[in-house]
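Please read the sequence and the structure shown here side by side, and keep both in view while you work through the report.

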Amino acid sequence: MIQIFSHPYRKYPLISIIIPTHNCSDVLAGAINSVTQQYYQQWELIIVDGGSSDGTLEIIKNYQDHISQWVSEPDGGIYDAMNKGVKVAKGDWIYFLGADDILVNILHKISPQLRNSNRIYYGNVYMPNKNIFYDGKFSANKLMNKNICHQAIFYPRTVFEKYEYSLKYPRGGDWDLNMRLWGDPSYKFSYLPFLIAIFSDIKICRDDWDNYRDLKFEKDRIMLAHMYMGRQLKRSDFLDGIKKKFVSFWYQ
């Protein structure tokens, strides 16, 4: 059954923006400012700090009037922080922003699209170091080989009533979740052709990003894709095969 969000006290959906951070004092204010400067104001900001030892707490306190909830304590990595944020979020929709990323002033255009709680809406990010926009519309086959950037995704809160991020994969937890959701018939991914965020593709935040590769996830990725999205992958392969045969026949 399709659910349409309808809150008796607000005309537009509340978006919970969660920033996981650890020792990111040099860039955190920029991420916070990108939220506070949105035209759309139906949001709450949640900051989950992993017990920073730099000036992060001073920055959080300086912006306290704009922050709905914050915590600073040791955690088990970025996905543990994101799980913590979800548990206290009150929004109809959940969005994750890195402490060194910038949210484009786009929520006023995105919010009217966020109507169906069985859909996961996603757009694009810009990666300034690589000078690319990432990465358009996804299919099951594409998701098997590259992830949708979580700074481009708006999840209905119902997702986190059913799922949480796995702590098994220090960098692949969001990819793992996206594949699980793609294979869940309760949900459908819907692409919105908007630039959502400036994604820092030179990571300088959180100790657990120092080891950039997630060897555990790389080892399991293909197995996870087929376990979660097997039916969609087979269907995509079949349709691709039909297209290739048609094109080959047409130009003979």
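The report below goes from the whole chain to its aromatic pairs, its core, its helices and one of its strands.

## Basis and overall picture

This is a predicted model, in which local features need pLDDT of at least 70 and side-chain atom pairs count only at pLDDT 80 or more, while totals for chains, interfaces and linings use all residues. Residues are numbered from 1 along each chain as its sequence is written, and side-chain values use heavy atoms, with hydrogens and water left out.

The protein has eight helices and nine strands; here helices (H or I, at least four residues) and strands (E, at least two) are DSSP runs, numbered from the N terminus. Of its 252 residues, 51% are buried, where buried means under 20% relative accessible area, exposed over 50%, and partly exposed in between, with a 1.4 Å probe and protein chains only. The exposed area of the protein is about 13,100 Å², and carbon and sulfur atoms supply 53% of it; such areas come from the Shrake-Rupley method with a 1.4 Å probe, and for residues only the protein chains shown count as cover. Among contacts (heavy atoms within 4.5 Å) between residues at least 6 apart in sequence, 79% join residues at least 24 apart.

## Aromatic pairs

How many aromatic pairs does the rule give? The count comes to 16 aromatic pairs, where rings of Phe, Tyr and Trp (its six-membered ring) pair if their centres lie within 6.5 Å, and planes under 30 degrees apart count as stacked, over 60 as edge-to-face and the rest as tilted. The table sets out two of these pairs.

| Pair | Centre to centre | Angle between planes | Kind |
|---|---|---|---|
| Tyr12 and Tyr40 | 6.4 Å | 75 degrees | edge-to-face |
| Phe96 and Tyr155 | 6.5 Å | 65 degrees | edge-to-face |

Tyr12 lies in the segment before β1 (15-21) and Tyr40 in the loop between α1 (28-36) and β2 (43-49), so that this pair links parts of the chain 28 residues apart. Tyr12 is partly exposed at 39% relative accessibility, whereas Tyr40 is buried, with a relative accessible area of 7%.

The pair of Phe96 and Tyr155 also links distant parts of the chain, with Phe96 in strand β4 (residues 93-96) and Tyr155 in strand β8 (residues 153-156), 59 residues apart. Phe96 is buried at 0% relative accessibility, and Tyr155 is buried at 0% relative accessibility. Ring pairs also join Phe96 and Tyr155 into a cluster with Tyr79, Phe160 and Tyr165.

## The nonpolar core and two helices

A nonpolar core is a set of buried Ala, Val, Leu, Ile, Met, Phe, Trp, Tyr and Cys residues joined through side-chain atoms within 4.5 Å. Which residues touch the most other members of the largest nonpolar core? Of its 73 residues, they are Ile17 and Tyr155. Leaving aside neighbours within four places in sequence, Ile17 is in contact with several residues, including Val35, Trp43, Leu45, Tyr95 and Leu107.

Val35 is also one of the buried residues of α1, and the buried residues of that helix pack against β1, β2, α2 (56-62) and β5 (102-103). Helix α3 (residues 78-88) is mostly covered, with eight of its eleven residues buried, among them Ile78, Tyr79 and Met82. The buried residues of α3 pack against β1, β2, β4, α6 (159-162) and α7 (173-183).

## Strand β6 and its partners

Because eight of the nine residues of β6 are buried, this strand is largely enclosed by the rest of the structure. Strands are said to pair if DSSP finds at least two bridges between them.

With strand β9 (residues 188-198), β6 pairs in the parallel sense over seven bridges, and Asn124 has Leu195 in β9 as its bridge partner. With β8, β6 pairs in the antiparallel sense over two bridges, and the bridge partner of Tyr122 there is Ile153. With strand β7 (residues 132-134), β6 pairs in the antiparallel sense over three bridges, and Met127 stands opposite Ile132. β6 and β7 form a hairpin with four residues between them, and Asn131 in the turn has a positive phi of about 55 degrees.

Just ahead in the sequence, Pro112 lies in the loop between α4 (107-110) and β6 (119-127). Pro112 is partly exposed at 43% relative accessibility, and its C-alpha atom is separated by 7.4 Å from that of Tyr12, 100 residues apart along the chain.
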